[in-house]
Amino acid sequence: MKRVLSLVLVISLFLTCGIFCSAQASSLSASEILSYLADQASELSPNNKCSLLPTIYCSPRYKNPDNGNGYDLKKGLSAKTINEDTSGREYGLYFKFTPKGRFNTFYITRFDVTVSDSKGQILYVDGFDSFMDCDPGYYWAWNFFPLAGLFNNMKLLYGEVIQGKYTMDIYFNGLWAGKTAFTIKK
């Protein structure tokens with residue numbers, strides 16, 4: 001129950017931060033947005049590794065606006081579908097973090113992510129304070145991790161969501177905990 005409540009709190013904080021960050025960026029030019037994102041990510045570096053490097057699994061999902069549940073996207077994320085969707089669906093990812101090996105409990109008080117395109121250009125940065133504990137022998141997962149902030153930035157930069165391969169770097173307490181990749185198809 002403690003983990004479920006922690007996850008609900010974390011997701012709520014994430015959504016609040018994502019909406020706030022997107023609203024701030026909406027009045028900026030493309031070069032200002034990229035500069036802003038680089039500045040936001042300036043203290044996050046894959047060279048500063050976390051002692052906990054979990055196995056990270058993700059898969060594309062959508063969130064049904066009628067019931068708020070997340071569902072797998074069997075055909076994956078599609079730029080065309082996201083750009084043309086008028087149903088109110090949200091698109092994102094399912095995440096599962098599984099600690100490697102045996103270690104003591106690791107407390108996460110800050111969670112950050114950056115999303116980069118295949119050229120290494122950061123397109124999205126977000127983070128929030130939270131309290132999550134990683135215990136030996138357990139995994140934790142998010143049923144739905146929204147990518148609306150990434151899609152909003154793409155629309156500001158390119159006029160639409162674009163296809164490609166994207167890398168999400170994940171940071172626990174400002175330290176790099178690993179990365180995962182996802183694809184947005186045509």
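Which backbone nitrogen does the side chain of Ser-78 reach? In this predicted model, the side chain of Ser-78 comes to 3.2 Å from the backbone nitrogen of Thr-81. Ser-78 belongs to strand S3, which spans residues 77-78, and its relative accessible area of 18% places Ser-78 in the buried class, because that class takes in values under 20%. Once neighbours within four places in sequence are set aside, the contacts of Ser-78 are with Ile-184, Lys-185 and Lys-186. Lys-185 is also the bridge partner of Ser-78 in strand S9, and S9 covers residues 175-185.

The pairing of these two strands can be placed in the wider sheet. S3 and S9 run parallel and are joined by 2 bridges, and they belong to an open sheet of 5 strands with mixed pairing, arranged in the order S3-S9-S8-S5-S6. S3 and strand S6 (122-134) occupy the edges, and since each has a single partner strand, one side of each is left without a neighbour in the sheet. Between strand S8 (164-172) and S9 lies a loop that contains Asn-173. The phi of Asn-173 is near 55 degrees, which is a positive value in a residue other than glycine, and Asn-173 is partly exposed, with a relative accessible area of 30%.

At the other edge of the sheet, Asp-126 is found in strand S6. Asp-126 counts as buried, its relative accessibility being 3%, and its side chain is joined to the side chain of Tyr-124 by a polar contact of 2.7 Å. The C-alpha atom of Asp-126 is also separated by 9.3 Å from that of Leu-37, although these two residues are 89 residues apart along the chain.

For the protein chain taken as a whole, 4 helices and 9 strands are assigned, and their succession along the sequence follows the pattern α-α-β-β-β-α-β-β-β-β-α-β-β. The chain has 186 residues, of which 45% count as buried. Among contacts with a separation of 6 or more, 71% are accounted for by residues 24 or more positions apart.

Attention then turns to the open spaces of the model. The second largest pocket has a volume of about 150 Å³, and its lining is made up of Ile-82, Asp-85, Gly-88, Arg-89, Glu-90, Tyr-91, Ala-148, Phe-151, Asn-152 and Lys-155. The elements that contribute two or more residues to this lining are strand S4 (90-98) and helix H4 (148-158), and it is H4 that provides the largest share, with 4 residues. When the lining of the second largest pocket is divided by class, 4 residues are nonpolar, 2 are polar and 4 are charged.

Helix H4 also holds a set of buried residues, namely Gly-149, Leu-150, Phe-151, Asn-153, Met-154 and Leu-157. Phe-151 is thus buried within H4 and also takes part in lining the second largest pocket. After H4 comes Gly-159, whose phi is positive and near 90 degrees.

Note on methods. Residues are numbered from 1 along each chain as its sequence is written. This is a predicted model: local features need pLDDT of at least 70, side-chain atom pairs count only at pLDDT 80 or more; totals for chains, interfaces and linings use all residues. Side-chain values use heavy atoms; hydrogens and water are left out. On a 1 Å grid over the protein atoms alone, a cavity is a set of points where a 1.4 Å probe fits but cannot get out, and a pocket is an open set with protein on both sides within 12 Å along at least five of seven lines; lining residues have an atom within 4 Å of a point. Grid points are joined across faces, edges and corners, and a volume is the space filled by probe spheres set on the points. Ala, Val, Leu, Ile, Met, Phe, Trp, Tyr, Cys and Pro count as nonpolar, Asp, Glu, Lys and Arg as charged, and the others, Gly among them, as polar. Buried means under 20% relative accessible area, exposed over 50%, partly exposed in between (1.4 Å probe, protein chains only). A polar contact is a pair of N or O atoms within 3.5 Å; within protein, one must be able to donate a hydrogen and the other to accept it, and residues adjacent in sequence count only if both atoms are side-chain atoms. Contact means heavy atoms within 4.5 Å. Two strands pair if DSSP finds at least two bridges between them.
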